[in-house]
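Work through the exercises below with the sequence and the 3D view open. Try each task before reading its solution.

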Amino acid sequence: SGVLRGKRGLVMGLANNRSIAWGIAKAARLAGAEIALTYQGEALERRVRPLAAELDAHVVGECDVTDGASIDHVFAEVEKLWGGLDFVVHCIAFSDKDELTGRYVDTSEKNFTTSLAISCYSFTAVAQRAEKLMKTGGSLLTLTYYGAEKWMPHYNVMGVAKAALEASVRYLAADLGEKAIRVNAISAGPIKTLAASGIGDFRYILKWNEYNAPLRRTVTIDEVGESAVFLLSPMARGVTGEILHVDAGYHVVG
Ligand code: 0WD
């Protein structure tokens with residue numbers, strides 16, 4: 001469609017070709033954007049490099065969001081590459097798998113802190129760096145899940161982290177609005193990815209959504225990608241602070 005022609009965007013959180021980040025990067029590229037990617041660690045670098053090549057994307061380096069210096073490094077690389085930036089897509093979350101099953105009440109302080117740092121604070125950390133490069137406005141996008149709004153089995157501390165992430169979308173939107181930087185989230189329905197495989201009974205959750213969502217199915221990374229293109233593009237220039245559900249309508253039912 002070309003709605004992102006001339007736009008330069010950083011996509012963070014690509015692990016493999018099932019990642020939501022991959023669905024978004026592909027759709028943004030198809031819409032005309034130039035893409036830069038980060039990866040977390042050497043193991044993922046081997047997966048990310050060939051995917052980057054498919055999109056003529058720049059690999060701007062390793063980024064572990066628990067390390068502020070590595071975030072600084074990536075944004076310095078982006079500045080060297082483009083001199084500015086139009087959008088950032090944040091597709092990053094983490095929690096200890098052992099605590100994504102059973103009861104929330106058993107969450108350890110250590111995993112609570114780690115989960116909130118990686119799954120919530122990192123988006124704010126990224127916004128701080130992006131603000132400096134978005135001289136003529138821009139768009140920041142993160143990924144959330146319905147477990148932020150309602151109790152979901154096994155989602156536990158991730159639900160608490162996503163609730164904080166959604167609140168941070170609103171606060172960031174208010175802070176950055178005067179610079180014409182928009183901040184939004186997509187609340188995606190369940191999709192079988194590497195991260196999702198760590199959640200207890202995930203197959204059951206997929207089935208439950210298939211039976212109960214208004215569209216009677218789950219969503220794909222390509223559908224999330226195309227909705228992301230809308231939010232990143234000037235078509236959504238009046239939209240900020242929004243949580244857009246791309247979930248086959250499940251949120252009206254569950
Ligand atoms: O059903 C789903 N899959 C949904 C996912 C429904 C709704 C929302 N989401 C969210 C996730 O919570 C996450 O925020 O979408 C985002 C992307 O997740 P994904 O595409 O489902 O999962 P995956 O392909 O595994 O990508 C997440 C990546 C990590 O992969 P692994 O699985 O290796 O942890 O987040 C990255 C990493 O590449 N990541 C980090 N990146 C930098 N620094 C870090 C870190 N410390 N930790 C994880």
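**Exercise 1. The shell around the ligand**

Task: Find how the residues of the shell around the ligand divide into nonpolar, polar and charged.

Solution. This is a predicted model. Start with the types: 19 residues of the shell are nonpolar, six are polar and one is charged. Next, take the total: 26 residues surround the ligand. The closest are S19, A93, L143, T193 and A195. Finally, look at the elements. Helix 1 (20-30) supplies at least two residues of the shell, and strand 5 also supplies at least two.

**Exercise 2. The overall fold**

Task: Work out what pattern the protein follows along the sequence, and how its radius of gyration relates to the globule rule.

Solution. Step one: count the elements. The protein has seven helices and seven strands. Step two: read them in order. The pattern is β-α-β-α-β-α-β-α-β-α-β-α-α-β. Step three: check the radius of gyration. It is 17 Å, and the globule rule gives 18 Å for 254 residues. The two values are close, so the protein is as compact as a globular protein of that length. Step four: add the extent. The C-alpha trace spans about 45 × 40 × 40 Å along its principal axes. Step five: look at the inside. Buried residues make up 47% of the 254 residues. Step six: turn to the contacts between residues at least 6 apart in sequence. Of these, 73% join residues at least 24 apart.

**Exercise 3. Two annotated tyrosines**

Task: Locate Y145 and Y155, then decide whether Y145 and Y155 are buried or exposed.

Solution. Begin with the record. An unreviewed UniProt entry lists Y145 and Y155 under "active site". Now place them. Y145 is in the loop between strand 5 (138-144) and helix 5 (156-176). Y155 is found in the loop between strand 5 and helix 5. Then use the cut-off: a residue is buried if 20 or more other C-beta atoms lie within 10 Å of its own. Y145 has 24 such neighbours, so Y145 is buried. Y155 has 23, so Y155 counts as buried. Last, list the contacts, leaving out residues up to four places away in sequence. Y145 touches K162, S187 and A188. Y155 is in contact with G147 and I199.

**Exercise 4. Helix 1 and the core**

Task: Explain why helix 1 is described as largely enclosed, and find which residues touch the most other members of the largest nonpolar core.

Solution. First, the burial count. Ten of the eleven residues of helix 1 are buried, so the rest of the structure largely encloses this helix. Among the buried ones are W22, I24, K26 and R29. Second, the core. The largest nonpolar core holds 80 residues, and I24 and L37 touch the most other members. Helix 5 gives the largest share of this core, nine residues. Third, the surroundings of I24. Beyond four places in sequence, I24 is in contact with V11, V89, C91, V224, G225 and A228. Fourth, the end of the helix. Just after helix 1, G32 takes a positive phi of about 105°.

**Exercise 5. R8 and P190**

Task: Find where R8 and P190 lie, and what each has around it: R8, P190.

Solution. Take R8 first. R8 is in strand 1 (residues 8-12). With 20 other C-beta atoms within 10 Å, R8 is buried. Its contacts beyond four places in sequence are A33, E34, W82, G84, L85 and D86. R8 and R29 are 21 residues apart in sequence, with 9.8 Å from C-alpha to C-alpha.

Now P190. P190 lies in the loop between strand 6 (181-188) and helix 6 (202-212). P190 has 26 C-beta neighbours inside 10 Å, so P190 counts as buried. Beyond four places in sequence, P190 is in contact with A196, F202, I205, L206, N209 and T218. V246 is 56 residues from P190 along the chain, and their C-alpha atoms are separated by 9.8 Å.

**Exercise 6. Positive phi outside glycine**

Task: Decide whether A180 and R216 are buried, partly exposed or exposed.

Solution. Start from the general rule. Most residues other than glycine have a negative phi. A180 is not a glycine, yet has a positive phi of about 60°. A180 sits in the loop between helix 5 and strand 6. A180 has 14 other C-beta atoms within 10 Å, so A180 is partly exposed. R216 has a positive phi of about 55° and is not a glycine. R216 is in the loop between helix 6 and helix 7 (221-232). With 11 C-beta neighbours inside 10 Å, R216 counts as exposed.

Methods: Residues numbered from 1 in each chain as written. Predicted model: local features only at pLDDT ≥ 70, side-chain atom pairs only at ≥ 80, totals over all residues. UniProt positions renumbered as here; feature names shortened; annotations may be inferred. Helix = DSSP H or I, 4+ residues; strand = E, 2+ residues; numbered from the N terminus. Buried ≥ 20, exposed ≤ 12 C-beta atoms within 10 Å, placed from the backbone. Contact = placed C-beta atoms within 7 Å. Near = placed C-beta within 6 Å. Nonpolar A, V, L, I, M, F, W, Y, C, P; charged D, E, K, R; others polar. Core = buried A, V, L, I, M, F, W, Y, C linked by C-beta atoms within 7 Å. Rg over C-alpha atoms; globule rule 2.2 N^0.38 Å.
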